[in-house]
Amino acid sequence: MSTVKMSTQHEIGLMDSSLALGKLEINSPGSLDISHSVTKKGKTVQDGPQTHLNGCVPLSHQVAGHKYGVDKVGILQHPDGTVLKQLQPPPRGPREMQFYSQVYAEDCSDPVLLELQQYLPKYFGAWSSPDTPAELYLKLEDVTRKFQKPCIMDVKIGQRSYDPFASQEKREQQIKKYPLMEEMGFLVLGMRIYKVNSDSYETHDQHYGRGLVKETIKDGLSKFFYNGNGLRKDAVSGGIQKVEKILRWFEGQRQLHFYASSLLFVYEGSPQEGGPKMAASSPPGETPLPKARVPNDSVVAEFNNNIHVTGPGENGLRLGPLGQSLSGMYALHRRGCGQGRHGDTPDDVRNARQDQLWKFITQNPLEQPNGNAVQARREEEDGERRGPDLGGDAEVRMIDFAHVFPSQTQDEGYIYGLKNLLSVLQQILSE
Ligand SMILES: O=P(O)(O)O[C@@H]1[C@@H](OP(=O)(O)O)[C@H](OP(=O)(O)O)[C@H](O)[C@H](OP(=O)(O)O)[C@H]1OP(=O)(O)O
Ligand SMILES: Nc1ncnc2c1ncn2[C@@H]1O[C@H](COP(=O)(O)OP(=O)(O)O)[C@@H](O)[C@H]1O
């Protein structure tokens, strides 16, 4: 068993996570033993003395978002190669779990949601480690997995990065971060590009994207497609085709609005064509190896909650339509859950409301903690759903659904963002 121990009392708040993770000491193979006392934005975050993570490691190729060991919640990689996204505090985390559960419900028959599945990472259910069973993670396909040298970019889409129930403080915080959001409709949150000439990755964090204005956005975005030798037009055009499909989905649906959600772009940076590639997403348990370091002798014990066991004949559970379930959360949210730490609701009231929301989620079971390994949908089924791959090797998937709400209209803000992003990508292509 390996233990990776984090040195205590290190100031890592403003560091890139890879630097922060550089402070992990490897003791023995198998689990992650973290004595947390990390600093985030000047605040000390105590996460308890030890966390054993059964061979899971912080996601090495994460380009944005909350990072393990740096933020209070973060993203891990499971030894089977899947991504484990830790649930954010209510209402955001439960809302994202609810969203994935409904879109991937076994008995889902809504054509809008069935089509949506192909634009999301596959969802393998909720997951938790036996050592910290209360700490829930979403088990997701690693979208970068089939690539040898994945070039990755996270782009937040929409004209507003706060939801309709956000407090004034949250709105102001978001607008201040990128005042051009309304005009641009998208924001680059981070990217990493494989440079063939130096055999290394160039990375850019959220500050890079926030610095891009109307006049510099084309060059700023095109950086993602320069590999040190030239512009990867195949990746630009592959990306465009994928985004166009997502745009068509948005133009055809009037039931969901997405705020602060992203598109994850990935293309192959390796110049070697036809090299061995791993399957894009094999079911957990059948995958040969993750990109992350996996100790040889580790035994991966876990609680894997099977969201697909939801038919009335199996466990007597039935899922309602997405709108219905989200409406329930939405109603609770409207009553005050959504004010988060930026709201003006007193803490005890807010906590009670968040408890209420959490109970709503847990008492309306979406997954059955049955200890079974979750079976991914069959690959051939998946092939049918995804249709012919017109975008070549480039991948574009929607991620981050902490702020998805039911609606009865088109998501104009998201559509605006997609169209503007497409127009900039077209300009890059015609360079
Ligand atoms: O949790 P934090 O402090 O990292 O802040 C999150 C932001 O991270 P950043 O300030 O960029 O490091 C984060 O910003 P980005 O999306 O990374 O630009 C979000 O604003 C997040 O809010 P939400 O999850 O979208 O509701 C923010 O969460 P809240 O501040 O609303 O909790
Ligand atoms: N399914 C996935 N496959 C590969 N990488 C992912 C996946 N989901 C998230 N990531 C990585 O994690 C980052 C943050 O993900 P996100 O869901 O936006 O987290 P947060 O809610 O903390 O912002 C992304 O920019 C990406 O690098």
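1. A friendly place to start is the end of helix H12: the backbone oxygen of Gln-427 lies 3.2 Å from a polar atom of the side chain of Ser-430. Ser-430 itself sits in the segment after H12. Please keep in mind throughout that this is a predicted model.

2. Is Ser-430 buried or exposed? Ser-430 is exposed, because its relative accessible area is 59%, and the cut-off for that label is over 50%. Its C-alpha atom is separated by 40 Å from that of Met-97, with the two positions 333 residues apart along the chain.

3. Helix H12 itself passes a simple length check. The helix covers residues 412-429, and its 18 residues should span 26 Å at 1.5 Å a residue; the end C-alpha atoms are 25 Å apart, so the model agrees with the expectation. Many of you will want to look at its side chains next: Gly-413, Tyr-414, Ile-415, Gly-417 and Leu-418 are among the buried residues of H12. Leu-421, Leu-422, Val-424, Leu-425 and Ile-428 are buried there too.

4. Now to the ligand site. Which residues are closest to ligand 2? They are His-66, Lys-85, Gln-88, Glu-141 and Asp-154, out of 19 residues that surround ligand 2. Three polar contacts are worth displaying. The side chain of Asp-154 has an N or O atom 2.5 Å from an oxygen atom of ligand 2. For the side chain of Gln-88, the distance from an N or O atom to a ligand 2 oxygen is 2.8 Å. A nitrogen atom of ligand 2, in turn, is 3.0 Å from a polar backbone atom of Val-143. Taken alone, ligand 2 exposes 550 Å², and the protein buries 96% of that.

5. Next, a hairpin. Strand S12 (residues 186-195) and strand S13 (residues 200-204) pair in the antiparallel sense, with five bridges. One of the positions to display is Tyr-194, whose bridge partner in S13 is Tyr-201. Four residues lie between the two strands, and in this hairpin Asp-199 takes a positive phi near 50°. Asp-199 is placed in the loop between S12 and S13, and it has this positive phi although it is not a glycine.

6. A second aspartate deserves a look in the backbone plot. Asp-400 is not a glycine, yet its phi is positive, at about 70°. Where does Asp-400 lie? Asp-400 is in the loop between strand S17 (395-399) and strand S18 (404-406). Asp-400 counts as partly exposed because its relative accessibility is 23%, which falls between the 20% and 50% cut-offs.

7. The peptide bond between Pro-90 and Pro-91 is cis, with omega about 5°. Pro-91 belongs to the loop between strand S8 (83-86) and helix H2 (92-103). As background for this point and the two before it, most residues other than glycine have a negative phi, and most peptide bonds are trans.

8. Finally, the cysteines. How many disulfides does the model hold? With a cut-off of 2.5 Å between cysteine sulfur atoms, the count comes to zero disulfides. Cys-56 counts as buried because its relative accessibility is 1%. Cys-151 is likewise buried, since its relative accessible area is 0%; the cut-off for buried is under 20%.

Definitions and conventions: Residues numbered from 1 in each chain as written. Chains lettered and ligands numbered in written order. Predicted model: local features only at pLDDT ≥ 70, side-chain atom pairs only at ≥ 80, totals over all residues. Heavy atoms only, no water. Expected span 1.5 Å × (residues − 1). Buried < 20%, exposed > 50% of the residue type's maximum accessible area, 1.4 Å probe, protein only. Pairing = 2+ DSSP bridges. Near = heavy atom within 4 Å. Polar contact = N/O pair within 3.5 Å; in protein donor to acceptor, adjacent residues only side chain to side chain. Areas by Shrake-Rupley, 256 points an atom, 1.4 Å probe, with all protein chains shown as cover.
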